[in-house]
Amino acid sequence: MDLTRRDVLKGISTTGAIAIATESTSFSLLPERSEGSSNIPWPRTSGSPVIDSLRPVIENSRDVHTNYDKVREVAGWMAYEELPLPNLAVPFGMEKTPDVAIDFIMVGTTVDTAFTDFKTHVKFQIDYAGEHHSDSDAMFACLKRAMDNGVPMLDGKYLAKMTRSDMQKIFAGNIEMPMLDEKLELFHQAGTILANKYDGRYYNFIRSCSPKLYDNGNGLVERLAAEFERFNDVSQYEGHEVKFYKLTQLGYWQIYSGLHGTGAFKIEDPQKMTAFADYIVPVGLRLMGITSYSAELEKAINTYEMIPRDSRQEIEIRAHCLYATALLADEINKIRPADQQIIIPQIDARLWTHFHTTSWPHHLTKTIMY
């Protein structure tokens with residue numbers, strides 16, 4: 001049976017998780033202390049430019065706080081959960097054709113944003129192949145449905161010339177796909193680059209990159225952010241550039257999770273991947289007491305006020321999401337034996353699966369980045 005994103009993140013055996021988590025990874029037992037702010041612990045597990053860019057936000061936040069004592073408390077029991085990696089992040093059996101699977105995931109990731117109507121708060125949903133799908137699962141199901149009907153969804157030359165009418169037909173569901181016009185523009189942008197430089201396929205782009213996320217500008221994440229504007233997920237915070245790279249990393253994580261065992265897709269530095277700063281993971285951290293918000297921000301979220309993209313509050317929510325999950329991974333690895341170390345996306349998966357359907361309100365930001 002084919003599994004949805006929510007299903008697939010529920011896991012595999014601990015043995016499989018260990019094999020990836022320990023690949024090219026070493027962990028320190030003590031958190032680093034942030035320069036210029038000696039009472040702020042800093043994560044040591046990542047070595048990621050994303051984590052490194054968060055310092056100015058964490059040290060100067062006004063509306064979001066991470067409780068390090070609570071991080072340690074949660075780690076004390078979460079360390080004994082399985083915390084598996086997904087056993088299949090490539091839906092609809094596409095892992096059997098890796099080049100198609102890679103294209104499918106990356107095309108979907110291009111428009112993997114905003115699936116809840118900002119006014120009515122109704123989620124986008126469809127029925128496909130005898131199963132009900134919602135949110136990003138529904139989006140991927142729409143892509144597969146279109147492919148079943150002969151639409152060349154994986155060809156950049158087609159994406160570059162799509163019309164709004166095409167989008168309405170492809171993404172027909174219970175409501176109009178949120179941010180449909182923005183998603184059409186994203187397809188146009190990415191499709192044009194793919195058609196002009198990579199024979200229309202993300203697969204060819206990926207083959208032209210280093211098998212590392214970061215490799216002196218030729219890494220998978222670096223190249224994707226540099227060549228495709230929609231993946232350059234950065235914000236400015238008091239004069240500092242903050243890297244989030246949510247979708248920039250997520251597409252690769254889904255492919256890696258599904259294909260690493262086949263040898264069809266490699267990432268040589270998976271320990272440099274962070275959590276994926278979206279709407280849901282911050283809710284999980286908030287409900288666990290790991291993060292807390294100012295009264296002003298709490299009220300804005302609970303009354304469904306829009307929090308503008310690149311505003312100080314939005315940046316702080318996302319930055320503390322990445323910071324707190326990195327700290328949590330560190331604390332868990334202090335407790336677990338050497339052969340059961342984890343990487344940060346396993347924490348992200350744990351929070352996303354448990355809180356994806358929660359009724360607790362999340363922040364509302366209209367953005368193409370998540």
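These are my notebook entries on a predicted model of one protein chain.

**Entry 1. The whole chain**

I began with the overall make-up. The protein chain holds 17 helices and 8 strands. Of its 370 residues, 56% count as buried. I then looked up how far along the sequence the contacts reach. Among contacts with a separation of 6 or more, 73% are between residues 24 or more positions apart.

**Entry 2. Helix 5**

Which residues of helix 5 are buried? In this helix, residues 68-78, I found Tyr68, Val71, Val74, Ala75 and Met78 to be buried. They lie on the same side of helix 5, because they cover an arc of only 120° around the axis. I next looked up what these buried residues pack against. Their partners are strand 2 (41-42), strand 3 (64-66), helix 16 (312-335) and helix 17 (344-355).

I also inspected the start of helix 5. There, a side-chain oxygen of asparagine 67 comes to within 3.0 Å of the backbone nitrogen of aspartate 69.

**Entry 3. Glutamate 82**

Moving on along the chain, I located glutamate 82 in the loop between helix 5 and helix 6. Its relative accessible area is 37%, so glutamate 82 counts as partly exposed. I noted its distance to arginine 350: the two residues are 268 apart in sequence, while their C-alpha atoms are 9.6 Å apart in space.

**Entry 4. Threonine 110**

Threonine 110 belongs to helix 6, residues 98-110. Is threonine 110 buried or exposed? I recorded a relative accessible area of 1%, so threonine 110 is buried. Leaving aside neighbours within four places in sequence, I listed its contacts as Leu186, Phe187, Ala190, Tyr202, Arg230 and Phe231.

**Entry 5. The hairpin of strands 4 and 5**

I followed the side chains along strand 4, residues 125-128. Ile126 and Tyr128 point to one face and are buried. Gln125 and Asp127 point to the other face and are not buried. This fits the general pattern: in a regular strand, side chains alternate between the two faces of the sheet.

How do strand 4 and strand 5 pair, in the parallel or the antiparallel sense? Strand 4 pairs with strand 5 (residues 131-134) in the antiparallel sense, over 4 bridges. Opposite aspartate 127, I found histidine 132 of strand 5. The two strands form a hairpin with 2 residues between them. In the turn, alanine 129 has a positive phi of about 55°.

**Entry 6. Aromatic pairs**

How many aromatic pairs does the whole structure contain? My search gave 9. I looked at two of these individually.

In the pair of phenylalanine 104 and phenylalanine 140, the ring centres are 5.6 Å apart and the planes stand at 45°, so the pair is tilted. It links distant parts of the chain, since phenylalanine 104 is in helix 6 and phenylalanine 140 is in helix 7 (residues 135-148), 36 residues apart. Phenylalanine 104 is buried, at a relative accessible area of 0%. Phenylalanine 140 also counts as buried, at 6%.

In the pair of tyrosine 279 and tyrosine 370, the centres lie 4.7 Å apart with the planes at 50°, so this pair is tilted. It too links distant parts of the chain, 91 residues apart. Tyrosine 279 is in the loop between helix 13 (246-259) and helix 14 (280-287), whereas tyrosine 370 is in the segment after helix 17. Tyrosine 279 has a relative accessible area of 11% and is buried. Tyrosine 370 is buried as well, at 2%.

I also noted a cluster: ring pairs link Tyr198, Tyr202, Phe205, Phe228 and Phe231. Two of these residues, Tyr202 and Phe231, appeared above among the contacts of threonine 110.

**Entry 7. Histidine 356**

I located histidine 356 in the segment after helix 17. With a relative accessible area of 6%, histidine 356 is buried. Which residue does its side chain join in a polar contact? The partner is the side chain of aspartate 135, at 3.0 Å.

**Entry 8. Cysteines**

Lastly, I searched the whole structure for disulfides and found 0. A disulfide is a covalent bond between the sulfur atoms of two cysteines. I looked up the burial of two cysteines. Cysteine 142 has 0% relative accessibility and so counts as buried. Cysteine 321, with a relative accessible area of 1%, is buried too.

Note on methods: Residues are numbered from 1 along each chain as its sequence is written. This is a predicted model: local features need pLDDT of at least 70, side-chain atom pairs count only at pLDDT 80 or more; totals for chains, interfaces and linings use all residues. Side-chain values use heavy atoms; hydrogens and water are left out. Buried means under 20% relative accessible area, exposed over 50%, partly exposed in between (1.4 Å probe, protein chains only). Two strands pair if DSSP finds at least two bridges between them. A disulfide is a pair of cysteine sulfur atoms within 2.5 Å. The arc is that of the directions from the helix axis to the C-beta atoms. Contact means heavy atoms within 4.5 Å. A polar contact is a pair of N or O atoms within 3.5 Å; within protein, one must be able to donate a hydrogen and the other to accept it, and residues adjacent in sequence count only if both atoms are side-chain atoms. Rings of Phe, Tyr and Trp (its six-membered ring) pair if their centres lie within 6.5 Å; planes under 30 degrees apart count as stacked, over 60 as edge-to-face and the rest as tilted.
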